[in-house]
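I opened the model at the bench today. My notes follow the order in which I looked things up.

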Amino acid sequence: MTFSSGEVLTAANLNALQDVTILTATSVVIAPATSVVIPFGSEVIDVANWHSTVTNTGRITVTNAGVYLLTANVVNIDAVSRLILEIKKNGSTIASTDVWPTGDAVDDASAAVHDLAAAGDYYEMAVYQNSGGNRTADHCTFGVSTIYVS
């Protein structure tokens, strides 16, 4: 979408923007020593229908080629050892945050990345922890915002 100097921003312009953010409705159990793709059962917003709450609930599948901003956040996981938050594209990690506790535990982690996608590419958020037992992430958010559609 291109705007011209002096052009008035309309509702149609805003509705043409494809933007999705997904929020977990319940706590997610993260097993130790494995990368767990977070299942998202509820949506804050899903303008372009990139997400399904029934099939592949951990995926956001973009429908247009373009540049996207992806953000991921996990809160209150209480990992007493290493915590890795990953953003994956078509199953491969494209960005991650690797956090080690400095005190009692790691509670939060965030990651963000810009990515050039083809139509049909999908993104996932995954969490890894190696605390020796299951840990529960109280709140996970994952968002994809359109920067530019090519």
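These entries go from the fold to the core and then to the surface.

**Entry 1, the fold.** I am working with a predicted model. I looked up the secondary structure and found one helix and 12 strands in the protein chain. I then read along the sequence: the helix is followed by the strands, in the pattern α-β-β-β-β-β-β-β-β-β-β-β-β.

**Entry 2, contacts.** I took the contacts with a separation of 6 or more in the protein chain. Residues 24 or more positions apart account for 71% of them.

**Entry 3, the core.** I checked burial next: 39% of the 150 residues count as buried. I then looked up the largest nonpolar core, which has 31 residues. Val74, Met125, Val127 and Phe142 have the most contacts inside this core. I listed the elements that give two or more residues to this core: β1 (19–23), β2 (28–30), β6 (66–79), β7 (83–89), β9 (106–117), β10 (122–129) and β12 (139–149). The largest share comes from β6, with five residues. I noted the general rule too: in soluble globular proteins, nonpolar side chains tend to be buried together.

**Entry 4, the surface.** I looked up the exposed area of the protein chain, about 7500 Å². Carbon and sulfur atoms supply 51% of that area. I also found a nonpolar patch on the surface, formed by Val44, Ile45 and Val47. Together these residues have about 240 Å² of accessible area.

**Entry 5, Val47.** I asked where Val47 sits. Val47 lies in the loop between β4 (42–46) and β5 (59–61). I put Val47 down as partly exposed because its relative accessibility is 41%, and partly exposed covers the range between buried, under 20%, and exposed, over 50%.

Note on methods: Residues are numbered from 1 along each chain as its sequence is written. This is a predicted model: local features need pLDDT of at least 70, side-chain atom pairs count only at pLDDT 80 or more; totals for chains, interfaces and linings use all residues. Side-chain values use heavy atoms; hydrogens and water are left out. Helices (H or I, at least four residues) and strands (E, at least two) are DSSP runs, numbered from the N terminus. Buried means under 20% relative accessible area, exposed over 50%, partly exposed in between (1.4 Å probe, protein chains only). Contact means heavy atoms within 4.5 Å. Accessible areas come from the Shrake-Rupley method with a 1.4 Å probe; for residues, only the protein chains shown count as cover. Patches are made of residues with over 30% relative accessible area and no salt bridge: like charges are joined within 9 Å, nonpolar side chains (Val, Leu, Ile, Met, Phe, Trp, Tyr) within 5 Å. A salt bridge is a side-chain nitrogen of Lys or Arg within 4 Å of a carboxyl oxygen of Asp or Glu. A nonpolar core is a set of buried Ala, Val, Leu, Ile, Met, Phe, Trp, Tyr and Cys residues joined through side-chain atoms within 4.5 Å.
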